[in-house]
Amino acid sequence: MLTHPLSVTESHSDIEEDDKIGVLLLNLGGPETLHDVQPFLYNLFADPDIIRLPRLFRFLQRPLAQLISTLRAPKSKQGYASIGGGSPLRKITDEQADALKMALEEKKVASNVYVAMRYWHPFTQEAVRQIKRDGITKLVVLPLYPQFSISTTGSSIRLLQTLFREDKILSKLPVAIIQSWYQRQGYVKSMADLIHKELQTFGSPDEVMIFFSAHGVPVSYVRDAGDPYKDQMEECIDLIMHELKARGIHNHHKLAYQSRVGPVEWLKPYTDEVLVELGQKGVKSLLAVPVSFVSEHIETLEEIDMEYKELALESGIQNWGRVPALGCTSTFIADLADAVIEALPSASATAITTSTTDNANTFVQDPLAFAIKLLLGSFLAFILLLFPGFKNQNV
Ligand SMILES: C=CC1=C(C)c2cc3[nH]c(cc4nc(cc5[nH]c(cc1n2)c(C)c5CCC(=O)O)C(CCC(=O)O)=C4C)c(C)c3C=C
Ligand SMILES: [Fe+2]
Ligand SMILES: [Fe+2]
């Protein structure tokens with residue numbers, strides 16, 4: 001007998017016979033060619049969860065996005081050129097989606113796995129349209145970010161809420177959202193496995209500093225908007241180190257934040273500054289561990305492997321290593337499949353309606369600095385508004 005591709009082959013408590021299970025993977029997206037870089041950056045900076053303006057000044061969002069994306073594009077292009085001319089994110093995320101579908105099948109859950117990128121193809125809107133076409137009856141939303149940030153998972157969820165609210169059918173679809181999963185045993189163990197393995201490549205593994213480098217966010221996200229990202233990151237590192245200790249690994253470790261953009265203060269300590277300090281303090285061997293993201297991307301391949309490695313070696317560190325991103329590591333993907341099954345919504349579950357990341361109360365800490373920025377922004381906006389075409393690009 002032919003089974004429907006989404007039919008369930010063995011009973012799980014929250015799955016009914018005619019259910020069609022969908023899993024929606026949330027990710028950031030990245031430019032596939034150098035030509036895509038500026039419009040990708042425009043989409044990113046046009047997101048009010050990336051540049052957080054008070055509601056009253058949201059009219060400046062798109063002109064500012066146009067300006068900042070145009071100014072940043074040359075530097076970004078250089079970065080993407082150095083890793084082969086584009087982001088590997090789409091290919092890796094598609095592979096993760098296929099691996100997750102298979103892992104779910106092994107656990108007797110038939111599903112369709114969709115990829116929803118926030119700023120480049122395949123856009124969230126496309127994935128949502130496909131979910132509707134496929135007649136999915138239960139949906140699990142799984143961000144590919146272990147820790148929650150307003151700027152990543154929060155932004156994608158906010159967009160989903162808007163798209164689902166606007167649609168008669170989707171607004172009734174039972175949806176479960178996995179907000180974060182850094183604390184899951186499977187993830188923690190998979191990270192510990194990678195670190196353990198990579199330590200063995202050093203001459204004296206016990207003397208290696210384990211250096212966690214997380215993507216940063218502006219301090220105001222945590223301080224003013226209540227982003228749990230920093231707390232979750234610190235807890236995540238504690239859990240991984242605890243797991244390593246249980247395996248008899250007692251190396252020193254350090255957490256720092258990378259990839260800051262723009263003039264505002266970001267979470268500290270900064271990766272580049274810490275690398276210099278560690279070199280000066282006499283650390284000779286260092287293992288870099290990217291911890292906020294589960295695929296290779298520009299920040300691992302260019303920033304860590306090229307820029308930070310060079311800086312570390314110049315600063316006196318002699319032995320450098322880097323843990324690969326989890327990608328399709330089987331223990332990790334199997335654990336994501338468990339997370340999906342545990343989260344499956346019951347038929348009576350509500351659709352995506354409530355917001356966990358409401359930034360309606362965005363406020364500005366320093367009114368004078370804000371007034372100056374606003375005047376400047378308005379002036380630039382005036383100039384830029386002379387140019388047409390401030391719509392989301394390539395959506
Ligand atoms: C947990 C991961 C990430 C957080 C938090 C995050 C916040 C954040 N990022 C920017 C600005 C940029 N991000 C860019 C690319 C990019 N960022 C992440 C992850 C997080 N960002 C990923 C996975 C990627 C895509 C990488 C790829 O391979 O294509 C970029 C573009 C690249 C560059 O020019 O450096 C920018 C710009 C901000 C402002 C922010 C928090 C507010
Ligand atoms: Fe980023
Ligand atoms: Fe960067």
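# Around ligand 1 and into the chain

In ligand 1, an oxygen atom is 2.9 Å from an N or O atom in the side chain of Ser87. The protein buries 97% of the 810 Å² that ligand 1 exposes when taken alone. The structure described here is a predicted model, and the values that follow were computed from its atoms. Two other side chains offer polar atoms to the ligand: one such atom of Ser76 lies 2.4 Å from an oxygen atom of ligand 1, and one of Tyr80 lies 2.6 Å from an oxygen atom of ligand 1.

Altogether, 29 residues surround ligand 1, and the closest of them are Arg72, Ser76, Tyr80, Ser87 and Ile298. Sorted by class, this shell holds 17 nonpolar residues, 10 polar ones and two charged ones. Several helices take part in the shell, since at least two residues each are supplied by helix H1 (37-45), helix H2 (61-82), helix H5 (150-165) and helix H10 (298-314). The largest share, four residues, comes from H1.

Helix H1 therefore deserves a look of its own. How many of the residues of H1 are buried? The helix is mostly covered, with nine of its nine residues counted as buried; among them are Val37, Gln38, Pro39, Phe40 and Leu41. The buried residues of H1 pack against H2, and a residue of that second helix shows the packing from the other side. Ala73 has its place in helix H2, and, leaving aside residues up to four places away in sequence, Ala73 touches Val37, Gln38 and Leu41, which are buried residues of H1. Why does Ala73 count as buried? Its relative accessible area is 6%, and buried means under 20%. As for its position in the wider fold, the C-alpha atom of Ala73 is separated by 31 Å from that of Ser180, which lies 107 residues away along the chain.

The aromatic side chains offer another way through the structure. A pair of aromatic rings is described by the distance of the centres and the angle of the planes. The count of such pairs comes to four. One of them, formed by Trp120 and Phe123, is edge-to-face, with 6.0 Å from centre to centre and 65 degrees between the planes. Trp120 counts as buried at 3% relative accessibility, and Phe123 is likewise buried, with a relative accessible area of 2%. In the pair of Tyr145 and Phe293, the ring centres are 5.6 Å apart and the planes stand at 40 degrees, so this pair is tilted. Here the pair links distant parts of the chain, 148 residues apart: Tyr145 is in the loop between strand E3 (138-143) and H5, whereas Phe293 is in the loop between strand E7 (285-290) and H10. Both Tyr145 and Phe293 are buried. Elsewhere, Trp181, Tyr187 and Phe332 form one aromatic cluster.

These details belong to a chain with 12 helices and eight strands. Of its 395 residues, 55% count as buried, while the chain exposes about 18300 Å², of which carbon and sulfur atoms supply 56%. Among the contacts in the chain with a separation of 6 or more, 82% are accounted for by residues 24 or more positions apart.

Terms used. Residues are numbered from 1 along each chain as its sequence is written. Chains are lettered from A and ligands numbered from 1 in the order in which they are written. This is a predicted model: local features need pLDDT of at least 70, side-chain atom pairs count only at pLDDT 80 or more; totals for chains, interfaces and linings use all residues. Side-chain values use heavy atoms; hydrogens and water are left out. Buried means under 20% relative accessible area, exposed over 50%, partly exposed in between (1.4 Å probe, protein chains only). Contact means heavy atoms within 4.5 Å. Accessible areas come from the Shrake-Rupley method with a 1.4 Å probe; for residues, only the protein chains shown count as cover. A residue is near a molecule or strand if one of its heavy atoms lies within 4 Å of it. A polar contact is a pair of N or O atoms within 3.5 Å; within protein, one must be able to donate a hydrogen and the other to accept it, and residues adjacent in sequence count only if both atoms are side-chain atoms. Ala, Val, Leu, Ile, Met, Phe, Trp, Tyr, Cys and Pro count as nonpolar, Asp, Glu, Lys and Arg as charged, and the others, Gly among them, as polar. Rings of Phe, Tyr and Trp (its six-membered ring) pair if their centres lie within 6.5 Å; planes under 30 degrees apart count as stacked, over 60 as edge-to-face and the rest as tilted.
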